[in-house]
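Here are my notes from going through this one. Have the viewer open while you read, and follow along point by point.

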Amino acid sequence: MSTPAIVWFRSDLRLQDNTALAAAARQGPVVAVFLRCLPHWQRHGHGANKLDFWGRGVAALGDDLAGLGIPLLHRDIDDFSEAPATLLAIARENGAHALHFNHEYPLDEQRRDRTVIDAFEEAGLAATGHHDAVAFAPGELLTGKGDYYGVFTPFAKAWHRQLTPERLALRDTPAPQAALPIASDPLPPLPDLDDTPIDGRIWPAGEGPAADRLERFLRFRGRHYQRQRDFPAIRGTSELSPYLALGMISHRQCLQAVLAENDGALAEGDAGLTAWVSELIWREFYRHVAVGFPRVCRHRAFQTHTEALAWRDDEAGFAAWCEGRTGYPIVDAAMRQLVTTGWMHNRLRMVTAMFLSKHLLIDWRRGEAFFLRHLVDGEFCANNGGWQWAASTGTDAAPYFRIFNPTTQSTRFDPDGTFLAEWLPALAELPRKARHAPEGDLLGGVDYPAPIVEHRAARARALDAFKALKTD
Ligand SMILES: Cc1cc2nc3c(=O)[nH]c(=O)nc-3n(C[C@H](O)[C@H](O)[C@H](O)COP(=O)(O)OP(=O)(O)OC[C@H]3O[C@@H](n4cnc5c(N)ncnc54)[C@H](O)[C@@H]3O)c2cc1C
């Protein structure tokens, strides 16, 4: 029997359409490995919801791998620096000749993988990283000047222009293999963390639930996406982000499903489906940004001149934002959705992020960290990109003077206050139109706080702070 290859699973927890797994299986038998690196992930800011979902995803993957006769070995490490020695030891213990993995793009992960490749090469073993979570590897799409794109629209145009069918071709799922004399490790439970994870039934883990979501989304909501996606009271989006973030489904599977629904087109055809494709390209864009502008991985602003901005110290304001008691119902309802479900609607991520960074003028990095602590889909590139966009420090930066009025956002995107009433039951007692900005006298016996800042004054304060920045 030929010697096995190791597949190191990380945020690619699936058998289908998995580039590293398919490449390894072409060579012969496969042994799967998962390195759980809780202390390091916690230092990166991932909270209990994501870590729990990750753990459940690994368990589901283990079951699926067992169906193919592929053992899953599990190791706990404290720090990424332990990855090379741990993987080399596994390779030697199991007589493996090669290691395969799919790239992750934040800087720390890239560095970890470099040390692993170097260690394997030094030991005379092959280690191969595959570009799996993107259609174009970072560096493959560049501007006319040979730079990474720092603006989304030209990136998306180049993405469509240069896309070939091969880039979206689904990778082979391995066939069952003959039993190896290697037993899977039992998966240890998640230790107690600072926060208690939300009920796992909200986000069932694994490839099956992910595929079901994709199918239901495309069948019932995909064609309405463009019209419905901004309304948080409507389940108009796919809610696939946790599954995409941990690779329980791939962007290729999503895009192939769109091609099948949309007469083989991604850039034209149904407006709902093409708008959804655009969101998947945003996801890829922010991965390229993390590689092309690695300062964003070091807590730095993409627009470096904004680093001089005089953010305010406001512990009371930050606490009110985190706890959903700013007195702006749309902000408060959204923050409660986040803390309760581990997910927040995209429109509301923009509204709440802008409220923190503009109305409260609190450093966006604090909000970025709070989101990561609670999001089940917490993913560095998208989260950082979204926060820097909202704070006008990032790519495509919203011009600093375009500051969402939370009340206007609320009346536009939750016109009859349904979402508000769901998350702030006290407001359900008010007439629908009054829920967006409850006035003192209307509130009567209703338990809801007064706004902690006045919109116009807060807006003026933010404008002054941005105007004070030197742009050169
Ligand atoms: C401040 C802020 C923080 C964010 N943090 C994260 C995060 O940690 N993880 C995350 O996956 N997304 C993040 N997003 C992007 C977006 O809000 C979520 O991906 C989306 O709400 C997930 O819901 P969905 O799966 O129903 O999305 P859909 O609307 O169905 O979109 C399909 C997929 O496209 C991707 N996507 C959609 N919008 C974006 C976007 N703006 N940027 C990058 N990818 C996108 C996601 O993978 C998503 O699942 C953030 C956005 C903002 C403004």
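The points below go from the overall fold to the domains, then a helix pair, then the ligand.

1. First, a reminder that we're looking at a predicted model. The protein chain folds into 20 helices and five strands.

2. On overall dimensions, the C-alpha trace spans about 80 × 50 × 50 Å along its principal axes. How does the radius of gyration of the protein chain fit with a compact globule? A compact globule with 472 residues would come out near 23 Å, and the protein chain has 23 Å, so the two agree.

3. The protein chain splits into domain 1 (5-131), domain 2 (133-169 + 206-292) and domain 3 (304-466). Note that domain 2 is written as two stretches, 133-169 and 206-292.

4. Take domain 1 and domain 2 next: their centres, worked out over C-alpha atoms, sit 25 Å apart. Their contact involves 16 residues of domain 1 and 18 residues of domain 2. On the domain 1 side, helix α3 (residues 48-67) contributes the largest share, five residues. That side of domain 1 is made up of seven nonpolar, five polar and four charged residues.

5. Now have a look at helix α6 (residues 152-162) and α11. Their axes come within 10 Å of each other, crossing at roughly 105°. Angles of 65 to 115 degrees count as roughly perpendicular, so that is how α6 and α11 lie to each other.

6. Which residues make that contact? From α6 you have F152, F155, A156 and W159, and across from them S278, I281, W282 and F285 of α11. Sorted by class, the contact of α6 with α11 has seven nonpolar residues, one polar and no charged ones.

7. On to the ligand, which has 28 residues surrounding it. If you want somewhere to zoom in, the closest are T237, S238, N346, N383 and G386. The shell's make-up by class is 13 nonpolar, eight polar and seven charged residues.

8. Where does the shell around the ligand come from? At least two residues each are supplied by α9 (241-245), α11 (271-292), α14 (346-359) and α16 (380-390). The biggest giver is α16, with six residues. At the domain level, domain 2 and domain 3 each put at least three residues into the shell.

9. One thing to keep in view: α11 turns up twice in these notes. This helix contacts α6 through residues S278, I281, W282 and F285, and α11 also supplies at least two residues of the shell around the ligand.

Technical notes
Residues are numbered from 1 along each chain as its sequence is written. This is a predicted model: local features need pLDDT of at least 70, side-chain atom pairs count only at pLDDT 80 or more; totals for chains, interfaces and linings use all residues. A residue is near a molecule or strand if its C-beta atom, placed from the backbone, lies within 6 Å of it. Helices (H or I, at least four residues) and strands (E, at least two) are DSSP runs, numbered from the N terminus. Ala, Val, Leu, Ile, Met, Phe, Trp, Tyr, Cys and Pro count as nonpolar, Asp, Glu, Lys and Arg as charged, and the others, Gly among them, as polar. Domain bounds come from an automatic or database domain assignment. Two residues are in contact if their C-beta atoms, placed from the backbone, lie within 7 Å. Axes are lines fitted to C-alpha atoms, for helices over the stretch in contact, and angles run from 0 to 180 degrees between N-to-C directions. Angles under 35 degrees count as roughly parallel, over 145 as roughly antiparallel, 65 to 115 as roughly perpendicular and the rest as oblique. The radius of gyration is taken over C-alpha atoms; the globule rule is 2.2 Å times the number of residues to the power 0.38.
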